[in-house]
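Work through the exercises below with the sequence and the model side by side. Each task is followed by a solution in steps.

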Amino acid sequence: MLNKKVTLLLFILLALVQLYVPAKMILRREEIIATGSEYKFETAPVDPYDPFRGRYITLNFQETRVPVTDLSDWKEGDVVYAVLGTDEEGLAIFTEALKSPPDTSQDYLTTQVEYIVEHDEKGLVLMLPFNRYYMEEFKAPAAEQAYRDAANSTGREASALVMIKEGEAVLKDVLIDDVPIREYVEKAADDQP
Amino acid sequence: MSLRKDLQELREAEVISAEIEERIQQYYQQKSDASGSRLFVVFGILGAILVGLGIILIIAHNWDEFPRSVKTIFAFLPLLLGQAIGIFTLLKRNDSIAWREGSAVFLFFAIGGSISLVSQIYNIPGNLSSFFFTWMLLALPLVYLLRSSVTSLLYIIGSTYYAVQMSYWSYITPPAYLYWLLLLLIIPYYYRLYRTHPDSNYTYFHDLLLPLSVIICLGTVANGYGVLLIIAYMSLFGIYYLVGNSWSTNQKGQRTPYTYYGSLGTVVLLLIMSYDSIWEEIRQESLVFTELLSTTEFWVTVVLSIIAGGLLLRYVRKHSISKLPPIAPVFAVFILIYIIGLYSAVAVILVNILILVVGLAITRKGARQDHLGILNYGLLIIAALVLCRFFDERLSFILRGTLFVLVGIGFFLANYQMLKKRKAHAE
């Protein structure tokens with residue numbers, strides 16, 4: 001049996017590690033939010049549920065494909081460094097898939113290949129590691145509903161505001177017609193008779 | 001209090017002396033004290049589990065009125081509280097099982113709550129499996145430092161969930177090799193528990209959960225050569241059965257769960273293999289030996305089979321071959337059948353015969369030992385085999401019908417004979 005002092009010392013050490021892990025997660029995200037570059041991804045929200053972490057909305061992105069000329073290098077689940085660019089409307093697109101991080105100062109996203117498209121436009125479909133947006137439990141279903149109603153009547157656009165730095169991404173906000181989704185839901189609730 | 005009355009009566013009738021009466025009373029007094037503190041432990045643990053789960057649910061509500069900074073502070077509150085209780089326990093209540101278990105369990109959930117709140121604040125999708133992996137690693141030392149068996153059980157459940165989430169339920173399913181590391185890290189605790197408290201409920205729950213976790217997760221090593229794992233599973237059940245049998249029984253005379261897992265697992269897997277469709281798949285799989293050498297499945301199968309074989313040899317040397325229980329050598333016979341099955345369709349018939357032989361052997365053992373449970377277990381195996389064939393469209397109705405009638409009569413006769421024998425003994 002360990003003696004009491006050693007046990008206590010080890011326990012304090014453990015407590016510090018237990019605090020360090022979430023703290024590290026927080027600091028890294030804060031850094032990305034503060035100093036990363038901002039991209040806007042076109043998307044559509046749906047509302048699932050996670051028993052441990054609560055309600056969130058899943059984002060269905062429009063642009064998850066990156067064109068590749070030689071598909072033989074890639075298989076499902078491969079790590080990919082996808083270089084980012086923007087289209088005419090200012091929405092984010094992927095321009096190039098690399099096996100290692102680009103040397104230049106280009107922004108890129110580190111992620112995995114979800115599946116490979118072999119016909120038509122050849123390319124890789126990427127998993128985007130920012131497809132969850134957590135919301136308060138009563139608001140998440142309302143958010144999805146509000147978006148659906150809006151999309152049906154007027155064809156509104158939803159987009160995700162993502163901060164990117166050194167391959168890592170933080171989802172900052174979800175916008176519907178350039179209004180943050182939280183405000184949008186509250187407004188929609190107020191408008192209801 | 002009827003005990004006191006009874007004792008008084010016995011003393012007055014001069015069956016026991018006054019001294020013995022007092023000693024008996026003292027004994028029961030102490031016993032009720034012990035059960036009182038046991039109740040305290042149970043409530044302590046239950047309370048900690050409920051509060052911990054409650055905190056996780058409250059966190060999951062996602063309070064988005066609060067700004068990010070406030071929510072971030074909240075992420076650390078339960079963790080800090082749990083750690084403070086942990087330190088208090090180590091300093092002041094180190095001898096109390098209730099405090100140690102309760103504080104460790106609370107801290108266990110606080111860790112999960114804290115990480116999930118951070119993922120929530122920053123919208124980290126981070127798949128559920130990596131979330132569980134981090135959680136389990138951060139919680140593991142609590143098991144050792146606070147000597148908490150309940151945390152150890154929660155840890156085993158969490159590690160299992162990690163492997164299942166990663167290898168069975170995800171879109172891309174890599175083998176969860178790190179599960180085996182997590183499992184390895186808890187073994188020293190399990191071993192110590194087994195050595196120091198072989199008869200405690202905690203040990204029993206570990207006996208129940210740990211082998212079950214391995215059964216669930218063995219399939220996660222599959223990565224293209226899944227059919228090989230059938231042998232691995234059969235050998236694993238063989239190991240369980242032999243281990244369970246050589247530890248035989250604990251002091252209370254109960255069989256360990258290992259025996260049950262081994263026996264039931266073997267029978268169920270044999271019944272699954274009594275269908276031809278799986279064997280067709282095995283025959284179609286082109287197994288090239290040189291390719292096999294580089295797969296994990298192959299080596300896992302080889303290692304498990306060698307261990308099972310070693311245990312079987314030891315058992316035979318110790319007890320003689322005639323005392324070998326019918327289930328014990330099944331895995332070895334099955335390996336032979338599997339090899340035959342790679343080339344020939346006769347394997348499925350051999351499996352059916354094997355089940356029948358095992359069923360009959362167990363029935364006979366039950367009859368010899370005058371044990372209705374074992375007797376009916378054997379008959380049940382035969383009945384299950386018949387039931388499987390009942391739904392097998394390839395056999396004719398007459399054959400199936402006859403089989404059913406015969407097994408039904410067998411059931412009746414075997415039980416009747418044994419009860420008659422017992423009656424005769426009694427008279």
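**Exercise 1. Chain A as a whole**

Among contacts in chain A between residues at least 6 apart in sequence, what percentage join residues at least 24 apart?

Solution. Note before starting that this is a predicted model. Step one: list the secondary structure of chain A, which comes to 3 helices and 12 strands. Step two: take the contacts in chain A between residues at least 6 apart in sequence; 65% of them join residues at least 24 apart. Step three: look at burial, where 31% of the 193 residues of chain A count as buried.

**Exercise 2. The domains of chain A**

Find the two domains of chain A and describe the contact between them.

Solution. Step one: set the bounds, with domain 1 covering 1–35 and domain 2 covering 36–191. Step two: count the residues in the contact, 4 from domain 1 of chain A and 6 from domain 2 of chain A. Step three: sort the domain 1 side by class, which gives 2 nonpolar, 1 polar and 1 charged.

**Exercise 3. Strand β8 of chain A**

Place strand β8 (residues 123–126) of chain A among its partners and say which residues form its covered face.

Solution. Step one: separate the faces of β8(A). L124(A) and L126(A) make up the covered face, while G123(A) and V125(A) make up the uncovered one. Step two: find the partners. Strand β4 (residues 65–67) of chain A pairs with β8(A) in the antiparallel sense over 3 bridges, and strand β7 (residues 108–117) of chain A is joined to β8(A), also antiparallel, by 4 bridges. Step three: follow L124(A) across to each partner. V66(A) stands opposite L124(A), and I116(A) stands opposite L124(A) as well. Step four: trace the link between β7(A) and β8(A), which form a hairpin with 5 residues between them. In that turn, D120(A) has a positive phi of about 45 degrees.

**Exercise 4. Where chain A touches chain B**

How many residues does each chain give to the contact, and which element of chain A gives the largest share?

Solution. Step one: count 33 residues from chain A and 32 residues from chain B. Step two: name the elements of chain A that give two or more residues, namely α1 (4–35), β3 (54–61), β9 (132–134) and β11 (168–176). Step three: pick out α1(A), whose 15 residues are the largest share of this side. Step four: divide the chain A side by class into 19 nonpolar, 5 polar and 9 charged residues.

**Exercise 5. The spread of chain B**

Why is chain B described as more spread out than a compact globule?

Solution. Step one: note that chain B has 17 helices and 0 strands. Step two: compare the radii. The radius of gyration of chain B is 28 Å, well over the 22 Å that the globule rule gives for 427 residues, so chain B is more spread out than a compact globule. Step three: add the spans of its C-alpha trace along the principal axes, about 80 × 70 × 40 Å.

**Exercise 6. Burial in chain B**

Is S119(B) buried or exposed? Then find the covered side of helix α10 of chain B.

Solution. Step one: locate S119(B) in helix α4 (residues 97–121) of chain B. Step two: apply the cut-off of 20 or more other C-beta atoms within 10 Å. S119(B) has 24 within that distance, so S119(B) is buried. Step three: turn to helix α10 (residues 257–272) of chain B, which has 16 residues. Its buried residues include Y258(B), Y261(B), T266(B) and L270(B). Step four: identify what covers the buried residues of α10(B); among the covering elements are α8 (201–218) and α16 (372–390) of chain B.

Terms used:
Residues numbered from 1 in each chain as written. Chains lettered and ligands numbered in written order. Predicted model: local features only at pLDDT ≥ 70, side-chain atom pairs only at ≥ 80, totals over all residues. Contact = placed C-beta atoms within 7 Å. Nonpolar A, V, L, I, M, F, W, Y, C, P; charged D, E, K, R; others polar. Buried ≥ 20, exposed ≤ 12 C-beta atoms within 10 Å, placed from the backbone. Domains from an automatic or database assignment. Rg over C-alpha atoms; globule rule 2.2 N^0.38 Å. Expected span 1.5 Å × (residues − 1). Pairing = 2+ DSSP bridges.
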